[in-house]
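Biologist: I would like a close look at a single part of this model, the sheet, together with whatever packs against it and the loops that join its strands. Please take it strand by strand, and add what can be said about the cysteines.

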Amino acid sequence: MDHERLDALLQSYPGCTKDFKAEWQWWRYQVGGKMFAATLHPGPEHAPEYAGRNLLTLKCDPVWSEQLRAEHPDILPGFYSDKRNWISVDVDGDVPDDLLCELCDHSYRLVFAKLTKKAQREIGG
């Protein structure tokens, strides 16, 4: 999936805000002030499995994330995040677009569900 399409998808979620975390060099996508996705490009100083990749980091159910990593070499434990609850997907790799969209939806729903009921009503997602 190209960057423009991915960005449009992530920003289409109700209540999504996007910002650039300069010290991390990450574009973060949040709902209710909680991150559900980030795009990043780790440099050569990082671990070889991450360095140089065009990554999308998403929240993911721990059991499903294990299955995904076993089935898809381009789905990695979350870069610089809790490796049990986050995954990083090489968007230039061989992960089908429909699965990538499903993972984005899943991440958004997980984070949205943890917001207060008041915040959920205000967002309307």
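Modeller: What follows goes through the sheet, then the helices, the loops and the cysteines.

The model is a predicted one, and the description should be read with that in mind. Six strands make up an open sheet, in the order β1-β2-β3-β4-β6-β5, with antiparallel pairing. The edge strands are β1 and β5, each of which pairs on one side only, and from one strand to the next the twist averages 25°.

Starting at the β1 edge, strand β1, which covers residues 16-21, pairs with strand β2, residues 26-31, in the antiparallel sense and over six bridges. One of the residue pairs here is Cys-16 with Val-31, its bridge partner in β2. The hairpin formed by β1 and β2 has four residues between the strands, and within it Gln-25 takes a positive phi near 65°. That value deserves attention in a backbone check, as Gln-25 is a residue other than glycine. The side of the question that concerns solvent is also clear, since Gln-25, with a relative accessible area of 51%, is exposed.

Further into the sheet, strand β3 holds Thr-39, and this threonine is buried, its relative accessible area being 8%. Neighbours within four places in sequence left aside, Thr-39 is in contact with Leu-6, Gln-25, Trp-26, Trp-27, Tyr-29, Leu-55 and Leu-56. The list includes Gln-25, which lies in the loop between β1 and β2.

Strands β3 and β4 run antiparallel and are joined by four bridges, and in this pairing Ala-37 stands opposite Leu-58 in β4. On to β6, five bridges join β4 to that strand, again with an antiparallel run, and here the bridge partner of Leu-58 is Ile-87 in β6. Leu-58 therefore has a partner in β4's pairing with β3, namely Ala-37, and another in β6, namely Ile-87; as for burial, four of the five residues of β4 are buried, so this strand is largely enclosed by the rest of the structure.At the other edge, β5 and β6 pair in the antiparallel sense over three bridges, and Ile-75 has Val-89 in β6 as its bridge partner. Helix α1 packs on the sheet, where it touches β1, β2, β3 (34-40) and β4 (55-59), and its direction makes about 125° with that of β1.

The same helix also has a helical partner. Helix α1, residues 3-11, packs with helix α3, residues 97-113, at an angle of about 30° and with the axes 11 Å apart, and the two are therefore roughly parallel to each other. The crossing in which α1 passes α3 is right-handed. On the α1 side the residues that meet α3 are Arg-5, Leu-6, Leu-9 and Leu-10, and those in α3 are Asp-97, Cys-101 and Cys-104. Leu-6 thus appears in this helix contact and also among the contacts of Thr-39, as counted under burial of 8% for that threonine.

The loop between β5 and β6 holds two residues to look at. Tyr-80 is found there, with a positive phi of about 50° although it is not a glycine, and at 66% relative accessibility it counts as exposed. Lys-83 is found in the loop between β5 (75-77) and β6 (86-90) and, with a relative accessible area of 39%, is partly exposed. Apart from its neighbours within four places in sequence, Lys-83 is in contact with Tyr-50, Arg-69, Pro-77 and Gly-78. The C-alpha atom of Lys-83 is separated by 8.7 Å from that of Pro-62, which is 21 residues away along the chain.

As for the cysteines, a search of the whole structure finds zero disulfides. Cys-16 is in no disulfide, the nearest cysteine sulfur being that of Cys-104, 11 Å away. Cys-16 counts as buried, at 18% relative accessibility. The sulfur of Cys-60 is likewise 11 Å from the closest cysteine sulfur, in Cys-104, which is too far for a bond, because a disulfide needs the two sulfur atoms within 2.5 Å. Cys-60 is buried too, with a relative accessible area of 2%.

Note on methods: Residues numbered from 1 in each chain as written. Predicted model: local features only at pLDDT ≥ 70, side-chain atom pairs only at ≥ 80, totals over all residues. Heavy atoms only, no water. Buried < 20%, exposed > 50% of the residue type's maximum accessible area, 1.4 Å probe, protein only. Pairing = 2+ DSSP bridges. Axes fitted to C-alpha atoms, helices over the stretch in contact; angles between N-to-C directions. Parallel < 35°, antiparallel > 145°, perpendicular 65-115°, else oblique. Left-handed = near helix turned anticlockwise from the far one by under 90°. Contact = heavy atoms within 4.5 Å.
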